[in-house]
Amino acid sequence: MKKIINDPKTVVAESLRGLAAAHADVLRVEDDPALVVRVDAPVAGKVAVISGGGSGHEPLHGGFVGQGMLAAAVPGAVFTSPTPDAVEAAVKATTGDAGALLIVKNYTGDVLNFETAAELAAAEGLDVRSVVIDDDVAVKDSTYTAGRRGVGGTVLLEKVTGAAAERGDTLDAVEALARKVIGQVRSIGVALTAPTVPHAGEPSFDLADDEIEFGIGIHGEPGIERTAVVTADELVARMVEAVVTDLPFAEGDKVLLFTNSMGGTPLVELYLAHGIAERLLAERGIVVERRLVGPYITSLEMQGMSLTLLKLDDELTELWDAPVNTPALRWGV
């Protein structure tokens with residue numbers, strides 16, 4: 001294992017210190033428990049949108065803390081859900097009379113711990129709701145989840161709900177918007193290599209040089225099929241087919257296309273794949289109105305990519321375009 005680390009046990013804490021040093025204008029990092037919090041939190045009269053999960057997916061979630069997105073992110077150890085007390089601490093640090101919405105990826109540990117935290121906060125009189133995102137079309141049940149996994153759609157959900165909270169929407173409205181997004185976003189991922197968790201010291205699974213894993217999650221979970229390496233045209237066509245037919249998306253639909261690197265795939269390959277996806281969607285009469293390309297929800301150094309489609313309407317487009325100021329997404333500010 002070759003990584004730029006000191007000690008596998010301190011990777012997350014040291015990384016968070018670096019995040020805080022680099023982006024002190026938009027966030028602060030708290031210790032024991034570890035939290036990434038918007039620098040001006042709590043913001044009076046506005047819903048606090050909070051998310052989190054195991055580390056190793058950066059910039060998700062800490063990189064999306066700031067104006068127009070998350071009020072706080074709760075990082076666990078690498079690929080390990082944060083504890084309920086850490087989530088509760090994030091709620092207390094950011095939540096006022098407007099309440100809080102917890103965005104939870106559909107992994108068993110995340111769902112259990114965030115739900116427990118919401119119950120603890122509610123017992124202290126805070127209005128806390130939670131939504132679970134499960135946009136992965138690859139598998140129904142996997143290593144870490146019952147039901148579909150929460151993957152790339154999480155980024156889009158955090159942006160849209162964060163924008164709604166920023167403009168002053170009520171908790172009821174932000175929650176309803178979140179459920180709307182969850183209902184019309186779909187994703188699929190593929191891996192060319194496995195990630196290596198620092199404390200494990202070896203790849204999460206074995207994949208030959210001439211193989212790809214189709215339908216992977218973001219923790220090195222198995223996909224739905226292991227196949228021979230194919231051309232980019234063939235691979236992206238299969239990914240587009242899987243996503244489009246699941247909702248299904250139809251001719252005339254306006255969408256946001258999110259082409260994501262799993263961490264190790266370079267932009268030269270990612271833009272190549274994005275171009276193919278745009279062409280294939282146009283051939284189906286699906287209109288790509290907005291785009292996001294880059295490593296925004298990763299799996300350490302895994303080589304691979306994911307495609308996410310969100311069906312847009314005027315409100316979702318407006319909220320996507322709304323100003324955002326975070327380490328990873330920044331426009332309109």
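This is a short talk about how the two domains of one protein chain fit together, and about a few residues inside them.

Hi everyone, thanks for coming. Please keep in mind throughout that we are looking at a predicted model.

Let me start with the overall layout. The domain assignment splits the protein chain into domain 1, residues 12-183, and domain 2, residues 185-323. Their C-alpha centres lie 22 Å apart. On the domain 1 side, 39 residues take part in the contact, and on the domain 2 side, 40 residues do. Between them, the two domains bury about 3200 Å², and carbon and sulfur atoms give 64% of that area. Which three residues supply the most of what domain 1 buries against domain 2? They are Phe79, Val137 and Leu156, which together supply 19% of it.

There is a polar side to this interface as well. The rule finds five salt bridges across it, along with 18 residue pairs in polar contact. Two helices to look for here are α4 and α5, since each of them supplies at least two residues of the side of domain 1 that touches domain 2. Helix α4 gives the most to that side, with seven residues.

Now, the inside. As a general point, nonpolar side chains tend to be buried together in soluble globular proteins. Here, the largest nonpolar core has 58 residues, and the members that touch the most others are Phe64, Leu101, Val155, Leu156, Phe258, Leu292 and Leu310. Helix α4, residues 153-166, brings the largest share of this core, seven residues. Where does the core sit relative to domain 1 and domain 2? It lies between them, because both domains give residues to it. There is also a second, separate core of 28 residues, and Val190, Val240, Leu257 and Leu307 are among its members.

Let me zoom in on Leu101, one of those well-connected core residues. Beyond its close sequence neighbours, Leu101 is in contact with a list of residues that includes Val47, Ile50, Val131, Leu171 and Val174. Arg129 and Glu175 are on that list too, and those two bring me to the charged pairs.

The structure holds 29 salt bridges. One of them joins Glu175 to Arg129, with the closest N and O atoms 2.7 Å apart. Glu175 lies in helix α5 and Arg129 in strand β6, so this pair ties together parts that are 46 residues apart in sequence. Is Glu175 buried or exposed? At 15% relative accessibility, Glu175 counts as buried.

A second pair is Arg149 with Asp136, where the closest N and O atoms are 2.6 Å apart. Both of these residues lie in the loop between β6 and α4, so the pair links parts that are 13 residues apart in sequence. Arg149 and Asp136 are both buried.

Then we have Asp169 and Arg167, whose closest N and O atoms are 2.8 Å apart in their salt bridge. Asp169 is buried at 19% relative accessible area, which is just inside a cut-off of under 20%, whereas Arg167 is partly exposed at 40%. Salt bridges with shared partners join Arg167, Asp169, Lys180, Asp313, Glu315 and Glu318 into one network. Within that network, Lys180 and Asp313 bring their closest N and O atoms to 2.4 Å.

To finish, three individual residues worth finding on the screen. Arg38, in strand β2, is buried, with a relative accessible area of 9%. Its side chain makes a polar contact with the side chain of Asp40, at 2.6 Å. Further along the sequence, Arg38 is in contact with residues including Val65, Gln67, Leu70 and Glu166.

Arg284 sits in the loop between α7 and β11, and this arginine is partly exposed, with a relative accessible area of 31%. The side chain of Arg284 makes a polar contact with that of Glu241, at 2.4 Å. Arg284 also touches Val240, Val244 and Glu251.

Last comes Ala163, in helix α4. Ala163 is buried, at 4% relative accessible area, and touches Gly68, Leu319 and Ala322, leaving out residues up to four places away in sequence.

That's my tour. Thanks for listening, and I'm happy to take questions.

Notes
Residues numbered from 1 in each chain as written. Predicted model: local features only at pLDDT ≥ 70, side-chain atom pairs only at ≥ 80, totals over all residues. Heavy atoms only, no water. Core = buried A, V, L, I, M, F, W, Y, C linked by side-chain atoms within 4.5 Å. Buried < 20%, exposed > 50% of the residue type's maximum accessible area, 1.4 Å probe, protein only. Helix = DSSP H or I, 4+ residues; strand = E, 2+ residues; numbered from the N terminus. Domains from an automatic or database assignment. Contact = heavy atoms within 4.5 Å. Buried area = accessible area lost by both parts, 1.4 Å probe. Salt bridge = Lys/Arg side-chain N within 4 Å of Asp/Glu carboxyl O. Polar contact = N/O pair within 3.5 Å; in protein donor to acceptor, adjacent residues only side chain to side chain.
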